[in-house]
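Welcome! Here is a short, friendly briefing to read alongside the sequence and the 3D view.

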Amino acid sequence: MKRLQGLAIGILSVLVATSASATEIQCKGSEAMLARYIGMFDEVFNGRKLDRIAEYTSEDFQPHDSAPGTPKGHEAIRLLVTNMAKSFPKRHLTNDLIICSGDLVVAYQTVEGTNDGPLFGGMPPTGKSFNFKWIDIYRFKDGKVVERWGAGDALGMMTQMGFKLTPPTAEAK
Amino acid sequence: MRSFIFAAALCLVAGGVSATETQCKGNEKNLETYLKMHDVLFMQRDSSRVLEFYAPQFVSHNNDAGGAGAETRTAESMKPMWIDSKKNQPDRIMINELILCAGDLVIARVTMQGTQTGPLFGMPATNKKYSTTATDIYRFKDGKVVERWGNNDGIGMLSQLGLLLPFAQMQAAREEKK
């Protein structure tokens with residue numbers, strides 16, 4: 001089993017090295033955590049395999065950016081992945097920069113896709129493409145993500161999809 | 001009165017800083033440089049001191065006034081961002097929540113709080129308060145920033161200010177459902 005695990009990590013490392021030739025990685029000494037991050041990135045976020053969420057994230061998973069009252073734990077990730085899949089079925093993420101520090105992984109990513117599905121549950125798709133940047137920070141404990149801080153240029157994405165800033169209306173004041 | 005406000009603001013900042021998680025063992029020099037830059041450029045917004053912290057030329061990835069697209073920028077070109085911020089949102093503070101160091105990089109997760117008392121993205125003052133998060137990455141060489149990456153939750157911020165109509169409408173629809 002151990003050998004198998006070692007082989008899997010070896011294959012993963014090769015995958016990382018080849019698939020992300022432009023990725024800068026600063027994770028010396030944190031190879032195991034890096035492999036877990038890459039596994040989650042490939043299977044859950046790009047692969048959208050909902051049955052792999054529990055493999056990479058803790059039941060106590062705590063997101064730091066969600067609106068108050070939204071779910072935590074596996075359900076938070078499940079909702080995120082399914083909602084993104086509905087609005088942006090062809091979305092693809094690329095790691096530009098991966099940094100490991102202590103129990104944390106920082107990933108700077110390029111997000112590419114097209115808005116082919118309904119937006120935010122109701123709005124009709126814009127059909128427009130986007131390409132913007134995202135930064136995630138993940139805290140790992142026993143190989144699973146327990147915390148996540150995200151910061152994305154979603155405003156740039158919205159602008160690319162044709163949304164405009166509007167001056168405040170009288171009733172909004 | 002003014003000194004009272006200043007002291008109160010300082011307490012707020014100190015309160016925020018005491019909660020900062022820092023993982024920078026072995027990278028104390030870059031941490032020190034980041035903390036000084038945070039104070040001078042990001043809190044005081046003293047743009048005249050940009051060359052103390054930024055190399056004359058650096059690469060910027062940020063979709064902000066500093067420039068996106070991994071293009072080479074001059075330190076001089078960063079100044080308007082801080083000048084405008086100080087002029088239009090004088091009360092804006094930036095609290096470090098998490099600071100990580102790895103190799104030549106420093107990563108900072110911050111919360112920015114302020115009042116939009118002046119124009120923002122071409123929109124007039126709303127005089128509303130906001131609290132928004134951001135993550136920034138800096139590459140240091142010889143104690144100066146040579147590369148920067150960063151994103152902030154601009155949508156959250158504009159929603160709080162009532163400037164992003166589609167989001168305001170969505171929010172309203174969601175509230176109604178409840």
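**Where the chains meet**

In this predicted model, 29 residues of chain A are in contact with 33 residues of chain B. On the side of chain A that touches chain B, two or more residues come from each of β3 (92-101), β4 (104-114), β5 (129-141), β6 (144-152) and α5 (154-160) of chain A. By residue type, that side of chain A divides into 20 nonpolar, six polar and three charged residues.

**A look at chain B**

- Chain B has 178 residues, and buried residues make up 37% of them.
- You will find six helices and seven strands in chain B.
- Reading from the N terminus on, the elements of chain B follow the order α-β-α-α-β-β-α-β-β-β-β-α-α.
- Take the contacts in chain B between residues at least 6 apart in sequence: 52% of these join residues at least 24 apart.

**One residue to find: A:Leu80**

- To locate A:Leu80, go to helix α4 of chain A, which covers residues 73-87.
- Is A:Leu80 buried or partly exposed? A:Leu80 has 19 other C-beta atoms within 10 Å, and because a buried residue needs 20 or more, A:Leu80 counts as partly exposed.
- A:Arg48 lies 32 residues from A:Leu80 along the chain, and the C-alpha atoms of these two residues are separated by 10.0 Å.

Note on methods. Residues are numbered from 1 along each chain as its sequence is written. Chains are lettered from A and ligands numbered from 1 in the order in which they are written. This is a predicted model: local features need pLDDT of at least 70, side-chain atom pairs count only at pLDDT 80 or more; totals for chains, interfaces and linings use all residues. Helices (H or I, at least four residues) and strands (E, at least two) are DSSP runs, numbered from the N terminus. A residue is buried if 20 or more other C-beta atoms lie within 10 Å of its own, exposed if 12 or fewer, and partly exposed in between; C-beta atoms are placed from the backbone. Two residues are in contact if their C-beta atoms, placed from the backbone, lie within 7 Å. Ala, Val, Leu, Ile, Met, Phe, Trp, Tyr, Cys and Pro count as nonpolar, Asp, Glu, Lys and Arg as charged, and the others, Gly among them, as polar.
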